[in-house]
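The exercises below ask you to read a protein model step by step, with a worked solution after each task. Keep the sequence and the structure in view as you work.

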Amino acid sequence: MPGTGFCRIVAPVLAMLLAGCDPFSDARPMMDEYVERVARVLETDPGFSDIPSASQLPRRRDRVLPMPELEMGMLDFLSLYGCELQYVVGEKTSVMGRVMQPLNRLRYEIRFIETARECLPDIEDEEFAEELTGAIDSKLESLPIAIWNATWGVEEIEKLFTLAKGYYPVAPESNPVSDLALDIDSLNAAVSRLYSEDLVVSLDFAGDVHQRWQAEFRAGQLINSALLLTARLQDGTELLRQRINGRPLCLNGQSNNQSDIVQNMFFSVYIEKIQPYMSAVNQGRAALIEPFERLAKVQREVMPESFTAWYQRHLSQEAQTSLWRELDVAMMAHTRAWQELLGQCGLRPGA
């Protein structure tokens, strides 16, 4: 009779083995199993291509842009006495102000512009009024840099796009990106208003957004899953094409025992298992990746050169190097291959 220690060791192993009996519970085994089953019903050997690696988000030091500093003489600072701007400038020159986080720096830049505009009518010294007007213009010109740093330059976004958390979940109980989608939509709306110089926009929500980014990793999972789907769909398409171009599945358009097996696998595995996962990844893409593409695209003028290649590969939907474009092509090619193969037997899907 085995002791309790033995049971404590065996139980977790047994649980893992039982979980492993269902290859359709996780993305990678599901897609591998799919290719194997396509090969099996077509009476050939499966071929597995390497899954391309995604690139990590560029390092923060390569994402953060240098923020132009505004030099104001002490006499000018003292002459602001009685104006709210003196307190804003004072906060920036304090010890804490010198190490502002990107979001707080954006808030400071907005407050400077607003309070300087309010102070301007009360300044009687024409020379200083002209200097302050120039300072306002300078701050407006550099505001896109502050916006970039407060969105793409924050540390928290690295967790959201990490590639270390595997693949997007199969059949989750709820929408994994619902809160993140609301967050990025709110952020895009705020950035759009700031770019139109509508500075009366609250950024109070942004800190909570950054905190959720630090606790989530769905964007990276979606990227991993897009690469997985592309590779395995291409593998499956290759198997289908081999059969289409080789020995016909059916003669004279008449179905047979093998075509029935192929059709059954098509519905029970591809339609019932693979397509829902493809749909889930595409929904996550539309809810999360595409809004992040917009967040980057609207800031193209200040986007660091080191960020551009990553953006085109991982966020853009249309760039030649876009992994999402490659996924679209792979899905369409796979659908056409199935239609053509089953069409040989008069079983073309959707006919």
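A residue counts as buried when its relative accessible area is under 20%. The model shown here is a predicted one.

**Exercise 1.** Describe the protein as a whole, beginning with its secondary structure and ending with its surface.

Solution. Start with the elements: the protein has 14 helices and zero strands, and accordingly every element in the order from the N terminus is written as α. Next, apply the cut-off for burial, by which 46% of the 351 residues in the protein are buried. Then turn to the contacts between residues at least 6 apart in sequence, of which 78% join residues at least 24 apart. Finally, the accessible surface comes to about 18,500 Å², and carbon and sulfur atoms account for 52% of that area.

**Exercise 2.** Determine how helix H12 and helix H14 are oriented relative to each other, and describe where they meet.

Solution. First locate the two helices, H12 at residues 257-297 and H14 at residues 323-343, whose axes come within 13 Å and cross at roughly 160°. Angles over 145 degrees count as roughly antiparallel, and H12 and H14 are therefore roughly antiparallel to each other. The handedness comes next: H12 passes H14 in a left-handed crossing. Last, list the residues in contact, where H12 contributes, among them, Phe 266, Tyr 270 and Arg 285, while H14 contributes residues including Trp 324, Asp 328 and Trp 338. Sorted by class, this contact of H12 with H14 holds 13 nonpolar, four polar and two charged residues.

Methods: Residues are numbered from 1 along each chain as its sequence is written. This is a predicted model: local features need pLDDT of at least 70, side-chain atom pairs count only at pLDDT 80 or more; totals for chains, interfaces and linings use all residues. Side-chain values use heavy atoms; hydrogens and water are left out. Axes are lines fitted to C-alpha atoms, for helices over the stretch in contact, and angles run from 0 to 180 degrees between N-to-C directions. Helices (H or I, at least four residues) and strands (E, at least two) are DSSP runs, numbered from the N terminus. Angles under 35 degrees count as roughly parallel, over 145 as roughly antiparallel, 65 to 115 as roughly perpendicular and the rest as oblique. A crossing is left-handed if the near helix is turned anticlockwise from the far one by less than a right angle, and right-handed if clockwise. Contact means heavy atoms within 4.5 Å. Ala, Val, Leu, Ile, Met, Phe, Trp, Tyr, Cys and Pro count as nonpolar, Asp, Glu, Lys and Arg as charged, and the others, Gly among them, as polar. Buried means under 20% relative accessible area, exposed over 50%, partly exposed in between (1.4 Å probe, protein chains only). Accessible areas come from the Shrake-Rupley method with a 1.4 Å probe; for residues, only the protein chains shown count as cover.
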